[in-house]
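Let's take a walk through this model, going from the overall shape down to a single strand. Have the viewer open as you read.

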Amino acid sequence: MPDRPHYYHHHDLPRFGEIKRGARELAKKFFDWYGAVFSEGALTAREKALIALAVAHAVQCPYCIDAYSRDALEKGSNLEQMTEAVHVAAAIRGGSSLVHGVQMLNHVDELGM
Amino acid sequence: MGRVLPTLRKQGSPLAAGAAQRDLLARIPLPRSFADALRSSDLYPLRPTTIEILQINVGKRCNQTCRHCHVDAGPDRVEVMPRPVIEACLSFLERAHIPTLDITGGAPELHPDFREIVARAAALGAHVTHRCNLTAILLPNYADIPALLAAHRVEVIASLPYYQARQTDAQRGEGVFEASIVGLRRLNALGYGRGGGLILDLVTNPVGTYLPGSQAALERDWKRELKRRHDIEFDHLYTITNMPISRFLAFLEDEGRTEQYLTRLVNAYNPRAAAGVMCRNTLSVGWDGTLYDCDFNQMLELPVSAGVPRTIFDAERAALESRDIEIGPHCFGCTAGAGSSCGGAVAGLFRR
């Protein structure tokens, strides 16, 4: 096995297309769909890049953070807009944990007197 | 405005010389050469279509020292187009029936004969475009320039990298954004960009090592934001890719990002953009009268190919339109993504 000091390598990002090696048709369907998703529609390409950046942080994907930091800048977003998008992701992540506290309260209420 | 940075020339940087820049670029390992890319698009050798624009670089003097400047312009530069060259340019414009005179620099209005060049070119019936940095027109002794431009219906193509101060000042110098807004207000007050026929275009370069996005989408955002924030209006936004030469090349070298940036440009090669590159319809004249395929080749000291007229004094349209265009790795800057030119993104349309 080659010596790889980390699971993540930035030079693997441009190799994404190699995923077709094991399932060419599935890869084609995925990349066609992916391209269609990000094209200008009811949302602008710039808005979609900001959503992608936020989701990249929510799923904590370094490849996606790399790609969509660049893409958001290229689409004309600025640091303030990008940071607010990341805060939205963080708020949803934090809020999704906290709102489960209601389940905790339900259990506490059921178990208590 | 804040501190003005020294030019590469003033710093004594080896990259002040075009030949040194070409040598450096030639040593960068790239996935393929520009000639190979052109061959893949059936565009090699690259030839002009027709000369529609005579672009004259009237000198390298500028009141700003932007970090990405491909001219290495600045207050310490002394190159100024002399009278005989100006006369030869106007003579060629007239006898070759070139529709557009594009005046660039430096800050062109700092040339002592700028007013006369504009008036005479307009009198010849040429469409005149002026590459404006938005702050030179605020300097003492230049306050009359906007009215002069309006009087001759000159199209103003003004540089503004972003609609906010932080990004603009990072590229162009502290305080430049605020001064640029003052310059834009003066132009708007004269009717520029207000829909009455005086055309005001803005040009944006990315503030960093990324490519510009969709010109149409950015234009929508810019129009909305400049109107909302500053009540400023303009006609078109042109996106231009940072060219890996001169000061931007020095920046890439300082940051260790030259190969990464060049590779990105190569991988983003767009055949449609290649077909519309500006060198196919533009002839570039240096301050000393030397002819070039574009302003970038001019700064790399790479004149038009041997065997055709190489100065404006002996320029001849038919011969120049049959030349092979000189190319190099930097040309990938004009063909990446949607493409880039002095008229903005080129894929699909050269000029609106």
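What follows looks at chain B as a whole, then at one of its strands, and last at its contact with chain A.

Keep in mind that this is a predicted model. Chain B is built from 15 helices and 8 strands, and its C-alpha trace spans about 50 × 45 × 40 Å along the principal axes. Is that what a compact globule would give? For 352 residues one would look for a radius of gyration near 20 Å, and chain B comes in at 19 Å, so the two agree. Of those 352 residues, 53% count as buried. Take the contacts in chain B between residues at least 6 apart in sequence: 75% of them link residues at least 24 apart.

Now zoom in on strand β1 of chain B, residues 53-57, where 5 of 5 residues are buried. Both of its faces are covered, with B:Ile53, B:Gln55 and B:Asn57 on one side and B:Leu54 and B:Ile56 on the other. β1(B) pairs in the parallel sense with strand β2 (residues 100-104) over 5 bridges, and there B:Ile53 has B:Thr100 as its bridge partner. Helix α4 (residues 83-95) joins β1(B) and β2(B) in a right-handed β-α-β unit. β1(B) also pairs in the parallel sense with strand β7 (residues 282-285), over 4 bridges, and here B:Ile53 stands opposite B:Thr282.

Finally, turn to the neighbouring chain: 11 residues of chain B are in contact with 9 residues of chain A. On the chain B side, helix α9 (residues 215-230) gives the most, with 3 residues. That side is made up of 5 nonpolar, 5 polar and 1 charged residues.

How values were computed:
Residues numbered from 1 in each chain as written. Chains lettered and ligands numbered in written order. Predicted model: local features only at pLDDT ≥ 70, side-chain atom pairs only at ≥ 80, totals over all residues. Contact = placed C-beta atoms within 7 Å. Helix = DSSP H or I, 4+ residues; strand = E, 2+ residues; numbered from the N terminus. Nonpolar A, V, L, I, M, F, W, Y, C, P; charged D, E, K, R; others polar. Rg over C-alpha atoms; globule rule 2.2 N^0.38 Å. Buried ≥ 20, exposed ≤ 12 C-beta atoms within 10 Å, placed from the backbone. Pairing = 2+ DSSP bridges. Right-handed = clockwise from strand over helix to strand, strands pointing away.
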